[in-house]
Amino acid sequence: MSLVDKTVVIIGGGPAGLMAAEVLIHAGVKVELYDAMPSVGRKFLMAGKGGLNISHAEAFETFLSRYGEQRVYLEPILKHFTPEAVRAWAKNLGIDTFVGSSGRVFPTDMKAAPLLRAWLQRLRRAGVVFHVRHRWLGWHDDSQLCFDTPHGEQVVKADAVVLALGGGSWARLGSTGAWVEVLQQRGVELAPLKPANCGFDVGWSEYFSSRFAGQPLKSVTLSFSNAKGVSFFQRGDLIITKTGIEGGLCYAASALLRDNCAETGSALLHLDLAPDKDLSSLITRLSQARGKDSMANHLRKRLGITGVKAGLLRETIAATEFNEPIKLATIIKVLPITLIAPRPIDEAISSAGGVKFEAMDENLMIRVLSGVFCAGEMLDWEAPTGGYLLTACFASGRAAGEGVLTWLLKDGNENSNKT
């Protein structure tokens, strides 16, 4: 059966939607892509502001482990479009990549715009038609999609639909989560959207907040264990915010910390402010007479603790305890910080929750909505930063596109057999 007379509508112009479009257009299907924003790929461009991290070069088994409990659903999708395949795909667009010291994969120029520009040019040349400023409202009836456009509401008919509408973070870039209500009304099983790779509120004193907000807290170890015995232990950097903490180390632990806040109302983590020094060494150094040195100078000279680290100590313990070397050294190695709550979802880098994998078949088609497929961040999964988010969006977009082709061919063959 020929696919050239079939039209597939893709709603959402992020990496998942664009990848689905690529698969479909090269199979000969007519592809119409709709996006609510004035241009596509806005969150993709934002992700590349500090260097576009498109994947990770670690061992594939380790890579798969980053997806936690949802690995069971994502593994077959990621095996079909691996991190190596992502690099090959970028190379085919004329974008060379390299592996950084941390294993993260970047374009050689670190930028998102050249990759997106080359990708869109290739899609347009292949025949993908883009419709921007078209906000999806749902279905006009069982067969027509309804869009709010600059020219009023429009209805569109399609042979199949790929929903790639993103999660619930960064609404100003298009990921509003407005699709949740639309799909709920259609009986689609969803997990609530939650912030992922997010910061947390602590409740600093006004003095500490005004003095240190925005400053990095470098080279610390964060440890956390929940009531179920699940532990996190990793070294890295944090950023002090006006209300709490954020940054790479915080994002890596955010799923555990967020869920603990939801279950118990808070999360108690510990920081090692001097991970290169053991406790006995700290006690020895702090026990040395400080003479006329102030405590600030004593900490600086003996331990190299200054600035925000010294500020955290003053935020945490009473002034008299600075004169107790054992207690002070212990706090430096195991400084407690109680997180009150995650920051709002719209501030998060990504979101968890969405369309449950159980609500879809093996081709990512929604079971209660025949011919409607899902991809990207609107699926119920999460992962830390480090290239895992983009790779899974690319891979699920590709899987959804291939799922559409499988369904169209099967549907067409069934119809031809009936006649």
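Which residue in β20 is the bridge partner of valine 161? Keep that in mind; the tour reaches it at the second stop.

**Setup**

This is a predicted model, where local features need pLDDT of at least 70, side-chain atom pairs count only at pLDDT 80 or more, and totals for chains, interfaces and linings use all residues. Residues are numbered from 1 along each chain as its sequence is written, and side-chain values use heavy atoms, with hydrogens and water left out.

**Stop 1: the whole chain**

Show the C-alpha trace. The C-alpha atoms fill a box of roughly 95 × 45 × 40 Å along the principal axes. Colour by secondary structure: the chain has 14 helices and 20 strands. Helices (H or I, at least four residues) and strands (E, at least two) are DSSP runs, numbered from the N terminus.

Now colour by burial. Of the 419 residues, 51% are buried, meaning under 20% relative accessible area with a 1.4 Å probe, protein chains only. Contact here means heavy atoms within 4.5 Å. Among contacts with a separation of 6 or more, 69% come from residues 24 or more positions apart.

**Stop 2: the five-stranded sheet**

Select β6, β2, β1, β10 and β20. In that order they form an open sheet with parallel pairing. Two strands pair if DSSP finds at least two bridges between them. At the edges are β6 (129-131) and β20, each pairing on one side only. On average, neighbouring strands are turned by 20 degrees against each other, direction ignored.

Zoom in on β10, residues 160-163. Ala160 and Val162 lie on one side, Val161 and Leu163 on the other, and all are buried. In a regular strand the side chains alternate between the two faces of the sheet.

Then check its neighbours:

- β1 (residues 7-11) pairs with β10 in the parallel sense over four bridges. Valine 8 has alanine 160 as its bridge partner in β10.
- β20 (residues 372-374) pairs with β10 in the parallel sense over three bridges. Here is the opening answer: valine 161 has valine 372 as its bridge partner in β20.

Move to β2, residues 30-34. Three bridges join β2 to β6, and the two run parallel. Leucine 33 is matched with phenylalanine 130 of β6 as its bridge partner. Add α1 (residues 15-25), which packs on the sheet and touches β1, β2, β6 and β10. The direction of α1 makes about 165 degrees with that of β2.

**Stop 3: α1 against α6**

Keep α1 and add α6, residues 113-126. Their axes are 10 Å apart and the packing angle is about 35 degrees. Axes are lines fitted to C-alpha atoms, for helices over the stretch in contact, and angles run from 0 to 180 degrees between N-to-C directions.

The crossing of α1 and α6 is left-handed: the near helix is turned anticlockwise from the far one by less than a right angle, whereas clockwise would be right-handed. Show side chains. On α1, pick Pro15, Leu18, Met19, Ala21, Glu22 and Ile25; on α6, they meet Leu116, Trp119, Leu120, Arg122, Leu123 and Ala126. By class, this contact has ten nonpolar, no polar and two charged residues. Ala, Val, Leu, Ile, Met, Phe, Trp, Tyr, Cys and Pro count as nonpolar, Asp, Glu, Lys and Arg as charged, and the others, Gly among them, as polar.

**Stop 4: the three-stranded sheet**

Select β7, β8 and β9. They form an open sheet in that order, and the pairing is antiparallel. β7 (135-139) and β9 (152-157) each have a single partner strand, so one side of each lacks a neighbour in the sheet. Neighbouring strands are turned by 30 degrees on average, direction ignored. β8 (residues 144-149) and β9 are joined by six bridges. Look for aspartate 148, whose bridge partner in β9 is glutamate 153.

**Stop 5: α13 and its cover**

Finish at α13, residues 325-333. Leu328, Ala329, Ile331, Ile332 and Lys333 are buried there. Their cover includes β16 (267-272), α10 (279-287), α11 (295-303), α12 (307-316) and β17 (335-339).

Isolate α10 and α13. The two axes come within 9 Å and cross at roughly 135 degrees. The crossing is right-handed. In α10, Leu279, Leu282, Ile283, Leu286 and Ser287 meet residues of α13 including Leu328, Ala329 and Ile332. This contact has nine nonpolar, two polar and one charged residues.

Conventions:
Buried means under 20% relative accessible area, exposed over 50%, partly exposed in between (1.4 Å probe, protein chains only).
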